[in-house]
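Work through the two exercises below with the sequence and the model in view, and try each task before reading its solution.

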Amino acid sequence: MTNPKLTRIPSIRERVEDTLSAHRNELVSLLSRYVAQGKGMLQPHRLIDELENVSGGDKGKQMLSDGPFSEVLKATQEAIVLPPFVAIAVRPRPGVWEYVRVNVYELSVEQLSVSEYHRFKEELVDGQANDHFVLELDFEPFNATFPRPNRSSSIGNGVQFLNRHLSSVMFRNKDSLDPLLEFLRAHRYKGHVMMLSDRIESVSRLQSSLAKAEDHLTKLPPDTPYSQFEYVLQGMGFERGWGDTAQRVLEMMHLLSDILQAPDPSTLETFLGRIPMVFNVVILSPHGYFGQANVLGLPDTGGQIVYILDQVRALENEMLLRIKKQGLNVTPRILIVTRLIPDAKGTSCNQRLERISGTEYTHILRVPFRSEKGILRKWISRFDVWPYLETFAEDVASEITAELQGIPDLVIGNYSDGNLVASLLAYKMGVTQCNIAHALEKTKYPDSDIYWKKFEEKYHFSCQFTADIIAMNHADFIITSTYQEIAGTKNTVGQYESHTAFTLPGLYRVVHGIDVFDPKFNIVSPGADMEIYFPFTEKQKRLTALHSSIEKILYDPEQNEEHIGTLNDRSKPIIFSMARLDHVKNITGLVECYAKNKKLRELANLVVVAGYNDVKRSNDREEIAEIEKMHGLMKNYGLDGQFRWISAQMNRARNGELYRYIADTKGIFVQPAFYEAFGLTVVEAMTCGLPTFATCHGGPAEIIEDDVSGFHIDPYHPDQAAAHMADFFQRCKEEPDYWHKISDAGLQRIKERYTWKIYSERLMTLAGVYGFWKYVSKLERRETRRYLEMFYILKFRDLVRSVPPSIEEQQ
């Protein structure tokens, strides 16, 4: 038997050339059809659609469909047409890109570099540019020696890769254990030495001291308190932090002994995760109305607030548990830093300090935006905050230092503005930085990079995309809720991946922005607050006292600011949705697809909770347009009797019971967004046992196993989505157990993957591993940070000056 030959996979250029040789007529026909459409950009569906019109009939189409060019076409994310050229951006797999340009008149094919492709793309906007010296942003040289995985399946598992790398280095080279020793000796909290004292000056001394300590501890009862053997361990060079009992201290020492003898990834992760490193955490979320009551539904105020409030409650519990197990007498602090808004619209957003309910040591710390004219009193859009963030960061640094009586151990940014402020603080204070994007706007608004000038007056994306690139590259680690958020799917580009390379014509060109293979990326999915969101079947916990008020907002015939529209037939199940009222959330799209499907209207009622129902009450541009559209749909399709529009609801406890009340009607929850980074409402609905239909674009596609624990819908094909829902209700009529089958599968999915307990344990472990990595590799990131500092000062500050001051400042 002959050995199989290893062959090189042909490049994209070679595949196109092979197709030109084998199927010249058919390929020329296809490319000519692209060129005939004139100057412009073609999206994947347009490229595939044109295959149907290839000359040569079915045989010609079949030749191309079966050949190597078919795979190229399926992997193409966009084509730039500038006759006679067609340039394509091909993504063979997540995180990997190639660029090819074909001259259709001369039938020549050339491979393009990232820079060449984006320079060609810029001609769509600026015509043929004479300036060959465009500012290019390239982080690749700084990361060339930095370890990273190369398999797409490894993306988002950064800490596992890092532990493998660190343990293999330690195993190969015993000298590389010295940084671990130095790290343990340098450990202090408010001047108090922890873990190791100066008595242990070498790895060999550490190993012998561990052997003596282990020998002493094995003779003690496992539950012996640390205080009873503290002085014995101090004499050997061990300080507090190893554990609260003999058994826990022994476990930690065994872990360290194993690492010193034969390091392995899981042991290293467990050990680093248990080292007492995080006592003070600062979480940044500047925009919107950040409060605990009466804020949800206000402009720029939605899922991110809920996420952080649930996050900090779980995080405080995990910190307290770990501190106890570490044998320490330390009081942790968590500060959520946001903007203080003097004109607070009946919320607590004008209070400087507010304790989070359900916690002891977690507070909201509010710091105002200010300019040369003084403190800003009113809310401003998240798209308009950029001129105020640098001063805000300086003020925050002073406030948190005073509040904590020191610096934080971990800074967590949220969204573009919070991540930028986190970068400024982490740089100034030298602390570990974690970023959470929630949503990156570049993927929400197609072509918002190449045509940034069209969006600039309304959204100031030049500032936002620049801030995102700075913060991504400055962060020590990045948390995402899903894989898709980082690297998309086989056919769609991830949010972070879209920042790998792009151009803002006339400003700068990003050649290597962020690498999705970077081990800083980690998938840590959040959950729902189990006190508020629990299955509808748990009758003893149900908030039946709220049912009368729920029935009022659903069925009261009075038309007012809180609810409009009526439901005539209360026996029908309810299609339910709850989200902000903006274009991307697509609530009006759901209403329209329901309105157009006669069968669905016969089978179920529709209830949405979204925004205001009166344009006079909103000052958000996008929301006003959606309000007007919603009123038009109600009128044009005669929805009264089958549709209820409820204004945004602030009462979370009642919202939780509302999900369960909808489940009682054997209804469904629908999340119809054009793109959803994660989908917290999807988790909430499923946690309450409500069968869920959610967008296939973004996180919900990972949360829901299609046709098993829920259903995927495509908001770009609303008719199909409506038919899918109608089919579900019809099947439930014919098979009553089907509704329960989907409900139970959704609950099981949540239990296995999406809880805050799992989240908080993971976050604390990540903080330990990346804190250690930051310590041992500080030189390798310093060059990147200096480069970012220069880019911030020379480019970002200029862009910020172009953002007009708020209306309040102009008056």
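Two strands pair if DSSP finds at least two bridges between them, where strands (E, at least two residues) and helices (H or I, at least four) are DSSP runs numbered from the N terminus. This is a predicted model, in which local features need pLDDT of at least 70 and side-chain atom pairs count only at pLDDT 80 or more, while totals for chains, interfaces and linings use all residues. Residues are numbered from 1 along each chain as its sequence is written, and side-chain values use heavy atoms, with hydrogens and water left out.

**Exercise 1.** Determine which strands pair with strand 23, and whether its faces are covered or not.

*Solution.* Begin with strand 22 (residues 574-578), which runs parallel to strand 23 and is joined to it by 5 bridges; here S577 stands opposite V608. Next, strand 24 (residues 643-646) is also parallel to strand 23, with 4 bridges between them, and L606 stands opposite F643. Finally, examine the faces: N605, V607 and V609 on one side, and L606 and V608 on the other, are all buried (under 20% relative accessible area, with exposed over 50% and partly exposed in between, using a 1.4 Å probe and protein chains only).

**Exercise 2.** Locate D449 and describe its surroundings.

*Solution.* First, place D449 in the loop between helix 17 (441-444) and helix 18 (452-459). Then consider its accessibility: D449 has a relative accessible area of 9% and is therefore buried. Lastly, leaving aside neighbours within four places in sequence, list its contacts (heavy atoms within 4.5 Å), which are K442, F465, F502, T503, L504 and P505.
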